[in-house]
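Dear colleague,

Please find the structure below, handed over for your study. My notes on it follow directly after.

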Amino acid sequence: MKQAWTTFATRAVPRYTSYPTAADFSPRVAEESARVWAASVAPDKPVSVYLHVPFCEKLCFYCGCATSVPNGYSRIAAYLKTLHQEIDLWAAALGPHAGMGHLHFGGGSPNALVAEDFKSLVAHARAAFGEHAGLEIAVEVDPRTLTPDFIHAMAEAGVSRVSFGVQTLAPKVQEAVGRLQPRELLVDGIERLRAEGIHAINMDLMYGLPYQTVDDVIEAAKFAVEMGAARISYFGYAHVPWFAKHQAAIEEAALPDLDARFQQAEIGAMTLTFAGYHAIGLDHFAQPGDPLSRAAQKGTLRRNFQGYTDDPCDTLIGIGSTSISQFRQGYVQNFKERNAWRAAVEGGRLPSERGIELTDDDRLRGRAIEKLMCQLWVDTAEVCREMGAEPGSLDDALETARFLQSAGLCKITGNIVSVPKEARLLLRTVAQCFDGRFKPAEARHAKAV
Ligand code: SF4
């Protein structure tokens, strides 16, 4: 990595899966706003739905997700009861719409549910929200606990895409992060999914884990290629033990340093692109024929709380504790504390704890950030026109970006800010130039690299 980039690489910056980010949400925007916004969705547009299943059999030390170990199925069953109730609350709150276009299960590990409970959830969501033509159902799974029964249930429920948590194949690294999953187990899970007709398999890979080497990341990238992964998310491990407490179990001295992280990121990306994958945005790769690649080529790629997506939907209903819903007018997040979430739902209230109403300036900056994060360049004049803003409304961001240009992080040509491929890992740092709410003192975000 270039010496001049070290300072930028160690700065904390948001992931920009939304703008404004969740750090700006406030309790002043909660259920009342959620109800008004839900009632006014576009009648001719589909909605997307996210269902959060915050349970895992065992916590991986690197995990930053909102999840927990259930210690028996009764806690999961109690959570499910509330989840079903929340589905009904949102379905009743939504104004006329064109049905559910995407249903995404995340967590945690959605395969912590027993097969019949999973099928009931899908059936309930289909009935409550209605189906838009071409409904895509996607599920994140933990390969270690993926049973033949659950795979069969996914196939029967119409699941068309599964995200498979691979991360690394290196035994020493797996041991250091508390996630043991031999190669044979992964291959067996993938073959079973395919045998049941689920062919679109995404994989999550990581770099920057304790004891991880360049050879390890090459091995994992080659595995993803050999197994025909449709999409690959290739994330750097973000060590934030003050935020994700169980990360304290990770031995800091065993973590690769900044240069090693950068090298692992580069070599993993090269392995995937040499194999024919398209590099997408900050950290995704997709087969050329995959809808994500096609969206990137057409300029219709979007970024939302699940990362990069070809889903063009403006309305995302997040169901379950901690879930975030997105509307044209703003964002609302459900109660994180499970009892508070349950009490709200049982009281017949949408369980929104906090959120934010977008200003015109937020929409303008959010669109510029999304474009930059998706296509690695943004034309500020075009964004101002698209969003109905005065020409020059993003000139302050251009000025800030000039400083980064001198370090080689971006290039400014007229109104266009572009990020060269070799600086892709610092894309969030360039996006931050457009962030009108960024507070440098905030250490809650992960480092840029
Ligand atoms: S299985 Fe996934 S969600 Fe669960 S602890 Fe491990 S990484 Fe986190």
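Ala 138 stands opposite Arg 161, a residue of strand E4. The model is a predicted one, and this pair of residues is a convenient place to begin reading it. Strand E3 (residues 131–141) pairs with E4 in the parallel sense, over four bridges. E4 is also joined to strand E5 (residues 200–207), by six bridges, and these two strands run parallel. In that pairing, Gln 167 stands opposite Leu 205 of E5.

Is strand E4 mostly covered or mostly open? E4 (residues 161–167) is mostly covered, since seven of its seven residues are buried. Arg 161, Ser 163, Gly 165 and Gln 167 point one way from the strand, while Val 162, Phe 164 and Val 166 point the other way; all are buried.

A second sheet deserves your attention. Three strands form this open sheet in the order E15-E17-E16, with antiparallel pairing. Strand E15 (377–379) and strand E16 (411–413) stand at the edges and have a single partner strand each, so one side of each is left without a neighbour in the sheet. From one strand to the next, the twist averages 15 degrees. E16 is joined by three bridges to strand E17 (residues 416–418), and the two run antiparallel. Here Ile 412 stands opposite Val 417 in E17. Two helices pack on this sheet: helix H12 (residues 360–375) touches E15 and E17, its direction making about 140 degrees with that of E15, and helix H14 (residues 395–406) touches E16 and E17, its direction making about 130 degrees with that of E16.

Next come two other helices. Why does the length of helix H3 (residues 73–93) agree with what is expected? At 1.5 Å a residue, its 21 residues should span 30 Å, and the end C-alpha atoms are 30 Å apart, so the two values agree. The buried residues of H3 include Ile 76, Tyr 79, Leu 80, Leu 83, Ile 87 and Trp 90. An α-helix has 3.6 residues a turn, so residues three or four places apart point the same way.

Thr 271 lies in helix H9 (residues 258–274). Thr 271 counts as buried because its relative accessibility is 16%, and the cut-off for buried is under 20%. Leaving aside residues up to four places away in sequence, Thr 271 touches Ile 218, Ala 221 and Lys 222.

Finally, the ligand. Among the residues around it are Cys 56, Cys 60, Cys 63, Asp 142, Arg 144 and Arg 179. By class, this shell has five nonpolar, two polar and three charged residues.

With kind regards

Methods. Residues numbered from 1 in each chain as written. Predicted model: local features only at pLDDT ≥ 70, side-chain atom pairs only at ≥ 80, totals over all residues. Heavy atoms only, no water. Near = heavy atom within 4 Å. Nonpolar A, V, L, I, M, F, W, Y, C, P; charged D, E, K, R; others polar. Buried < 20%, exposed > 50% of the residue type's maximum accessible area, 1.4 Å probe, protein only. Contact = heavy atoms within 4.5 Å. Expected span 1.5 Å × (residues − 1). Pairing = 2+ DSSP bridges. Axes fitted to C-alpha atoms, helices over the stretch in contact; angles between N-to-C directions.
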